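I opened this entry to record what I looked up, beginning with a surface feature and going on to a sheet and to the confidence of the model.

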Amino acid sequence: MAYNSIQNYSNIYNFYMTTYAPKSSTPYDSHKKSELRKVYNSIVKMNKEAPLYILDTSRESYSFAIGMKENARELRNTIASLGGLNEDEMLNKKAAYSSNENIVSASYIGTPGDSASAPSIEVEVHSLASAQVNMGHYLPSEDLVNLPAATYSFDVSIDDLNYEFQFNIKPEDTNRNVQERLARLISNAKIGITGQVMTDDEGRSCLRLESNSTGLKNNKSQIFHVSDHRTSKTAGAVDYLGLDYIAVTPSDARYSVDGEERTSPSNHVHIGRTYELTLNGVSAEEGETATVGLKTDVESLTENINTLVKGYNSFLRAASEYSDKHPKSNRIVHDLGNISRLYAQGLTSAGLNLNLDGTLEIDSEAVQKTAMSKDAQKAFSSITDFTQSLVRKSNQISLDPMNYVNNVVVAYKNPGKNFATPYITSAYSGMMFNSYC
């Protein structure tokens, strides 16, 4: 088990997010004061009329409520990334292209209004950002561990945080048993390092540790450091397994934009407020570049609709996965089905077909044909209306995921004659800290 020597609530939140739900950070997760005030007023209004109920406090219910809230947020952010949440901006985002995806792929991060002034650029990649890799000693896999039976521990320092890992070695443990145990221990701790057991042709194995992040930050020479010099339990495992040997030193990416050389600790870089680039490979020869620019309106619209369909289908499947253990989750699937059926005729005309399982399928040729027609704006109005309905539904689920948990209603309030009850919202937020109290 890993213990963080620095107690702070951000670690609790990170555990909550990585354990129960997808975690992503986008510009759409930051909000203006007016938007936060609107959310607050919505919570107050919702709590004022919410019935009293007994919560289902099972771990499965926690996972469901947290997962659906975050999946709803993901769907909303996906829609917002396609141009915005307003009707005039929705689905109007420009799409970027790269002439050589093997070198670099690109996405447009500017606003629709700025696309006219977005220039094409030439990108050359000299080297990619690399992660830190520690390779332990190769030891005979089936031999017994040459360490006394005891409780051992070692410290891992990463991102200015210190973690201590403790484990037991028994007389019957082999080298591979211990290596596999530590690989799982470190990987499951989710501290930014992945452990893996490697084998060679001679029947030996070693423990490989790789950082999830790349590059060098704050003028440091390494991303993580392993030591047991000042650990609380028995020392010696680090030297025996060779966990402190750095086989690959982390390095920054080196690339050029229009001939100007730049560096980055990550292979994901921003070019102003116009493009987000993903460096995929090194240019085969000096001077080989990839051209990055904007696609045509028809191509951009088709890509936006593709992204919308993927986001919708992903959210629908996520809700369906809970149907066996949480029958009330079928309400989400049912509500989404009602929305899609309401606009089914218009969606089909625009090139989106509704499948029997409720998912959508895009006919790219039909979409492009519709986009080039004279009545394109009218033809795509159903998709815009459908998208706005999805935004409203995702906001509702994100605001009150407990509405879809298997709760037992005790009493309904007298409509219009109630005060706000903040404890209703606390039922959800309390799950974040439940295991830590």
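**Notebook: patch, sheet, confidence**

I began with Val-410, which I found in strand E21. The model I am reading is a predicted one.

Following Val-410 outward, I noted that this residue joins Leu-52, Ile-54 and Val-408 in a nonpolar patch on the surface, and that the four together have about 370 Å² of accessible area. I then asked which strands each supply at least two residues of the patch. They are strand E2 (52–54) and strand E21 (408–411).

Next I turned to an open sheet of 5 strands, whose order I wrote down as E3-E18-E5-E14-E15, with antiparallel pairing. Strand E3 (96–98) and strand E15 (260–264) each have a single partner strand and stand at the edges, so one side of each is left without a neighbour in the sheet. I also looked up the twist: with direction ignored, neighbouring strands of this sheet are turned by 30 degrees against each other on average.

Within this sheet I followed one pairing in detail, that of strand E5 (residues 121–127) with strand E18 (residues 290–294), which is antiparallel and runs over 3 bridges. For Val-123, I found the bridge partner in E18 to be Ala-290.

Last, I checked confidence: the mean pLDDT of the protein is 84, and 88% of its residues reach 70 or more. Among the elements, strand E6 (residues 131–135) has the highest mean pLDDT, 97, whereas strand E1 (residues 2–4) has the lowest, 44. Over residues 1–10 I noted a pLDDT below 50, and in the model this stretch has 20 contacts beyond near neighbours in sequence.

Key: Residues are numbered from 1 along each chain as its sequence is written. This is a predicted model: local features need pLDDT of at least 70, side-chain atom pairs count only at pLDDT 80 or more; totals for chains, interfaces and linings use all residues. Side-chain values use heavy atoms; hydrogens and water are left out. Two strands pair if DSSP finds at least two bridges between them. Helices (H or I, at least four residues) and strands (E, at least two) are DSSP runs, numbered from the N terminus. Axes are lines fitted to C-alpha atoms, for helices over the stretch in contact, and angles run from 0 to 180 degrees between N-to-C directions. pLDDT is the predictor's confidence in each residue, from 0 to 100. Contact means heavy atoms within 4.5 Å. Patches are made of residues with over 30% relative accessible area and no salt bridge: like charges are joined within 9 Å, nonpolar side chains (Val, Leu, Ile, Met, Phe, Trp, Tyr) within 5 Å. Accessible areas come from the Shrake-Rupley method with a 1.4 Å probe; for residues, only the protein chains shown count as cover. A salt bridge is a side-chain nitrogen of Lys or Arg within 4 Å of a carboxyl oxygen of Asp or Glu.
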